[in-house]
Structures are given as structure tokens and as C-alpha cells.
Amino acid sequence: MSWSIPILRIAGIQLRIHITFLLLIGWLALGSAGAVVFVLLLFLCVVLHEFGHALAAKGYGINTPDITLLPIGGVARLERIPEEPKQELVIAAAGPAVTAIIALSLFVVIASRGGTDFGVSLQSGDLVVNLFKINVWLLLFNLIPAFPMDGGRVLRALLATRLSYARATQVAATVGQAFAFFFGIIGLFGVPGIYNPNPFLIFIAFFVYIGASQEAALAQMRDVSRRFPVSSAMVREFRSLPESATLEEAVDALLATSQHDFPVLDEAGKVAGILTRHDLIAALRKNDPAIRVGDVMRRDIPTVTTGTRFEEAFRIMQECNCPAVPVLDSMKRLVGLLTPENVSELMMVQSAVPRRRPA
Ligand SMILES: [Zn+2]
């Protein structure tokens, strides 16, 4: 997810903070000095929640490359979506389970020191009590059965035992968007006499809506990718560059085509890497005529073959976060390119012509 800043790495998982989470911290910190400590502890609770998901995923052999903290909670990005609905259910439930344990522990602390009347202790408004309240709130919010909340994933997993994965996602995403509208309306107008308009709720509605839409798009892409071979979606007409090409030649290729990223071939004609527009521009800034395309290209690009199942290729594309994946034939010659754009074009064609069969 963009607009996020990497902060630290724990057990191979990169922790990132979304810029809006920082804004929220800043806004709360303006309130009082104690708020900063509170926010740091809250931050810890959210991280533990996300590690609940990550550890459960690890149990099924699924790694978590990064965790991003958003104002409405965290997002643990799994390297792949679990195949079995049961696995998704366990992974989705693991986060709220951690939050429930935290809330329960805090409850025990409050109950043990507060003497007889728990209700009175709850009024005190100190750090532990506030942490308890917000963890309960987090737990309830996460259990709303709508995407992108954990409850939505549990809902999809349950639906997916009866419906197709794509259909189950669609239903869960629609429920998520309905909740988003509901939050938005309440946030905007409030409930007369009960609840005042609250901009924060509009903010949450926005995130819920975006999350639900993204999840639906991802599921549709996965559904399409299951039914098609790589060769049906790859770009066949493209320019490639030799490793020894100058930056000037690369600029010519960039301007002469609509391509952003160019596969780079070594002397034997085999794929050596990919030159992205971003890397090309960065290299031009150095203003060194001796730099060759081979010096600035990305070398860590995986390749697929025409025989690779699209689903597998799509997974590779997601994992490496590559601009384009070269497609090779059985002789290891470059015959195509797979890019996020042409994958989404295939999806558009699919939704326009629903009965088209793969060739
Ligand atoms: Zn969660």
C-alpha cells in the first residue's frame, strides 16, 4: 500500500505506518501529553493483533511480507491468499482473538485493583481503562461482518464453503460497501438527539469503502487468472533493449513507444533484467555518458513461461511487486510481457463479454 512509511522489521515482517495514522497520532497528541503514551500503547496492541494474523498464516506456510498500520487498524499483507476457506477463517479470526486476550487481561487488571465496583473503576478514565475501552472497540469493529474488516473475511470464508470464491467475495464486499454508506450517512448527519455528526466516522467509511472495492477487484482478478493461460493475456508486441545500449537509446525507445518498462537482453539474447522508466530517469539525473542500460536495470525479475498457469504467474507478479514479468517460450526465448495493465485489460474484456471462452 502506498502513502506508508517503513519503520522497523520484526521476524522478517516489515512494519509500515500509513501517513493518515501519523496524522491521527498528531491530532491526538495535541490533546494532552499523556495521549502520546496512550497512542504508543494502542499502536502496540494493533501490532500484536496483526501478528496474530501473521503467525496463523505462517502455520499454513504463508509468509507476511509487511504489516501496514492504518487509522482503522492494521493490514497484514499475506504473500498469497489461503486456498482453503477454513485456513482463511482461522487466519482472519486470529487477530481479533489476540485483541480479545489483550482486552481480557486489561479487564483482569482493572477488576483486581478497582475493588468491588467495576463500573466505578471504568469511570476513572486512566490509561489502563482507556486502553481497555479502545481494545473492546477495536474488537467489536473488527467483528463487523463486512470487508475489509476481519469479520468480513470470516463471512467470506463461511460463504465460500457454499458459493464460489469470487461470488462469496462479491457478497462480502457488497455488505462492506453497505456498511460504509451507513457509517458515512451517520457520520455526516448524525442521529438526531442520539449521536452528533462525526467527521471521524466519515473517514472510517471512506477506508471501509476503498477496502471492500479493492478486495472485490482482487478476487475478480484471481477468478479470471484461474481460467486463462499466460499466453492469452501477455503483451506480444514490445521493444527490448540490449544490455550495452546507452541511456540515450533507452530514452528513444521510451519516447517512441507507449511502453514504460523494457526487457533487457544479454549478448546471447537471454533476458537479463528489466529497465523501468523510474530507473531510467534516475540514471539520467547522474548525467554520466558511460552508464549503460545493463548498469541500471533491475536484475531481480522472475520470469514465467507460456506454459505457466496464469494463476501462478499472477501470484509471482504480486509477490515480487514487479513492473512487468517476462514470458519465455520453451527455448527460453523472450516472447511476451505480463504487466498489471494488460491483466486488468483482460479483466475488462472478460466483464464486457461474459461468455467468452479461453482460446
Ligand atoms: Zn485483523
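This report walks through some strands and helices of a predicted model.

## Strands 1, 2 and 3

Let us start at the N-terminal end of the numbering. Strand 1 (residues 4-10) and strand 2 (residues 13-18) run antiparallel and are joined by six bridges. Together they form a hairpin with two residues between the strands. One residue of that turn, Ala11, has a positive phi of about 50 degrees.

Strand 2 also pairs with strand 3 (residues 66-70), this time in the parallel sense and over four bridges. Ile17 of strand 2 is a handy residue to follow here: it stands opposite Ile5, and its bridge partner in strand 3 is Leu69. If you would like a reminder while looking at the backbone, strands of a sheet pair through backbone hydrogen bonds, either parallel or antiparallel.

## Helices 2 and 3

Next comes a pair of helices. Two packed helices are described by the angle between their axes and the distance between the axes. For helix 2 (residues 34-59) and helix 3 (residues 85-113), the axes come within 7 Å and cross at roughly 145 degrees. Helix 2 passes helix 3 in a right-handed crossing.

On the helix 2 side, the contact is made by Cys45, Leu48, His49, Glu50, Gly52, His53, Leu55, Ala56 and Ala57. Helix 3 contributes Val90, Ile91, Ala94, Gly95, Ala97, Val98, Thr99 and Ile102. By residue class, this contact has 11 nonpolar residues, five polar and one charged.

## Helix 10

Is helix 10 (residues 277-286) largely in the open or largely buried? Of its 10 residues, the number buried is one, so helix 10 lies largely in the open. Just after this helix comes Asn287, which has a positive phi, near 55 degrees.

## The sheet of strands 8, 9 and 10

Further along the chain, three strands make up an open sheet in the order 8-9-10, with mixed pairing. Strand 8 (304-305) and strand 10 (334-338) stand at the edges with a single partner strand each, so one side of each has no neighbour in the sheet.

Strand 8 pairs with strand 9 (residues 325-328) in the parallel sense, over two bridges. Within this pairing, Val304 stands opposite Val327 of strand 9. A helix accompanies the sheet too: helix 12 (residues 310-320) lies across strand 8, strand 9 and strand 10. Relative to strand 9, helix 12 runs at about 150 degrees.

Terms used: Residues numbered from 1 in each chain as written. Predicted model: local features only at pLDDT ≥ 70, side-chain atom pairs only at ≥ 80, totals over all residues. Pairing = 2+ DSSP bridges. Contact = placed C-beta atoms within 7 Å. Axes fitted to C-alpha atoms, helices over the stretch in contact; angles between N-to-C directions. Left-handed = near helix turned anticlockwise from the far one by under 90°. Nonpolar A, V, L, I, M, F, W, Y, C, P; charged D, E, K, R; others polar. Buried ≥ 20, exposed ≤ 12 C-beta atoms within 10 Å, placed from the backbone.
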